[in-house]
Each structure stands twice: as C-alpha cells, then as structure tokens.
Amino acid sequence: VQLQASGGGLVQPGGSLRLSCAASGSIFSINATGWYRQAPGKQRELVAVISSGGSTHYADSVKGRFTISRDNAKNTVYLQMNSLKPEDTAVYYCNAAIKPVWYMRPYDYWGQGTQVTVSS
C-alpha cells in the first residue's frame, strides 16, 4: 500500500490550492484519512480528518477556509485550501488507516509530504 500526496506549490496570500492523497496497492478498506502539516521548527499538527462515513474534523486555525473530502471510488482524499495565509506554509502529509485484506487489522500509512508555501 502506498499513499501519494500531490498538489502543493507556491501561492500568494489569499490564494487557493487543492491537495490530493491517492492510495494504491492492496486495499480492502480505508478508515479515517487525515492531513497533517509540519512547519520548520514546529511539531507536526493535525489539519483535517475525514472518516470512512464522511464525518469531518478541522483544526481551529483552518475552519471555514479548508475543506476535506474523499472519493471512495478513486481511493483519494482531497484538501481544498482557500484564503491561504503565510502561516499555512508547511509540508503537508496525508495519513490513512488501511486494511489491506478483510481479515487484517488496519495499518497506519503516511504519504511522502508536499510543500505548501504561501508568500507574496
């Protein structure tokens, strides 16, 4: 199983980006999937998470600006980021709990990270 994160880049304050996290390989089911970020010199923090049923949770700092969604047919989770601020600058990582086959417990997987830079 692999998680491939993409969509990062350089954007001006107030701009938008959409991150994608695609899971591939032997996948029976995907439980909760989340986006985390880590800025230089800071700890990794939760940005948003979505359950298999579509329930969502956001960090207070991104509520109203970021939207997490999932396409179960494509095994892909998206993070739409609007009204970006310089303090959103970080490496963004996706994380998912995945059952490779029905009789195994879920395993925790991480994507490779994608850089988001918000600067004028």
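**Strands, core and a salt-bridge network**

Okay, let's start with a pair of strands: E7 and strand E8, residues 76–81, run antiparallel and are joined by six bridges. Before I go on, keep in mind that this is a predicted model.

So, staying with that pair, threonine 67 stands opposite glutamine 80 in E8. The hairpin of E7 and E8 has four residues between the strands, and there asparagine 75 takes a positive phi near 50°.

Now, which way do the side chains of E7 point? In a regular strand, side chains alternate between the two faces of the sheet. Strand E7, residues 66–71, shows just that: Phe66, Ile68 and Arg70 point to one face and are buried. Thr67, Ser69 and Asp71 point to the other face and are not buried.

Let's zoom out a bit. On its other pairing, E8 runs antiparallel to strand E3, residues 17–24, and six bridges join those two. Here serine 20 stands opposite tyrosine 78 in E8. Put together, you get an open sheet of four strands, in the order E1-E3-E8-E7, with antiparallel pairing. Strand E1, residues 2–6, and E7 are at the edges with a single partner strand each, so one side of each has no neighbour in the sheet. From one strand to the next, the twist averages 15°.

Next up, the inside. In soluble globular proteins, nonpolar side chains tend to be buried together. Here the largest nonpolar core has 29 residues. The ones with the most contacts inside it are Trp35, Val47, Phe66, Ile68, Leu79, Met81 and Tyr92. You've already met Phe66 and Ile68, on the buried face of E7. Several elements give two or more residues to this core, among them E1, E3, E7, E8 and strand E11, residues 114–118. Which element gives the largest share? That would be E9, with five residues.

Okay, charges. Side chains of opposite charge can pair when their charged atoms come close. A search of the whole structure turns up four salt bridges, and Arg37, Glu45, Arg65 and Asp88 are linked in a network of them.

Let's walk through that network. Arginine 37 bridges to glutamate 45, with the closest N and O atoms 2.7 Å apart. Is arginine 37 buried or exposed? Its relative accessibility is 6%, and the cut-off for buried is under 20%, so arginine 37 counts as buried. Glutamate 45, on the other hand, is partly exposed, at 36% relative accessible area.

Arginine 37 also meets aspartate 88 in a salt bridge, at 3.0 Å from N to O. Arginine 37 sits in strand E4 and aspartate 88 in the loop between E8 and E9, so this pair ties together parts that are 51 residues apart in sequence. Aspartate 88 is buried too, with a relative accessible area of 1%.

Then there's arginine 65, whose side chain meets aspartate 88 in a salt bridge at 2.8 Å, N to O. Arginine 65 is in the loop between strand E6 and E7, and this pair links parts of the chain 23 residues apart. Both arginine 65 and aspartate 88 are buried.

Last stop, the outside. Phe28, Trp102 and Tyr103 form a nonpolar patch on the surface, with about 450 Å² of accessible area together. Tryptophan 102 lies in the loop between strand E9, residues 90–99, and strand E10, residues 107–110. With a relative accessible area of 60%, tryptophan 102 is exposed.

Notes:
Residues are numbered from 1 along each chain as its sequence is written. This is a predicted model: local features need pLDDT of at least 70, side-chain atom pairs count only at pLDDT 80 or more; totals for chains, interfaces and linings use all residues. Side-chain values use heavy atoms; hydrogens and water are left out. Patches are made of residues with over 30% relative accessible area and no salt bridge: like charges are joined within 9 Å, nonpolar side chains (Val, Leu, Ile, Met, Phe, Trp, Tyr) within 5 Å. Accessible areas come from the Shrake-Rupley method with a 1.4 Å probe; for residues, only the protein chains shown count as cover. Buried means under 20% relative accessible area, exposed over 50%, partly exposed in between (1.4 Å probe, protein chains only). Two strands pair if DSSP finds at least two bridges between them. Axes are lines fitted to C-alpha atoms, for helices over the stretch in contact, and angles run from 0 to 180 degrees between N-to-C directions. A nonpolar core is a set of buried Ala, Val, Leu, Ile, Met, Phe, Trp, Tyr and Cys residues joined through side-chain atoms within 4.5 Å.
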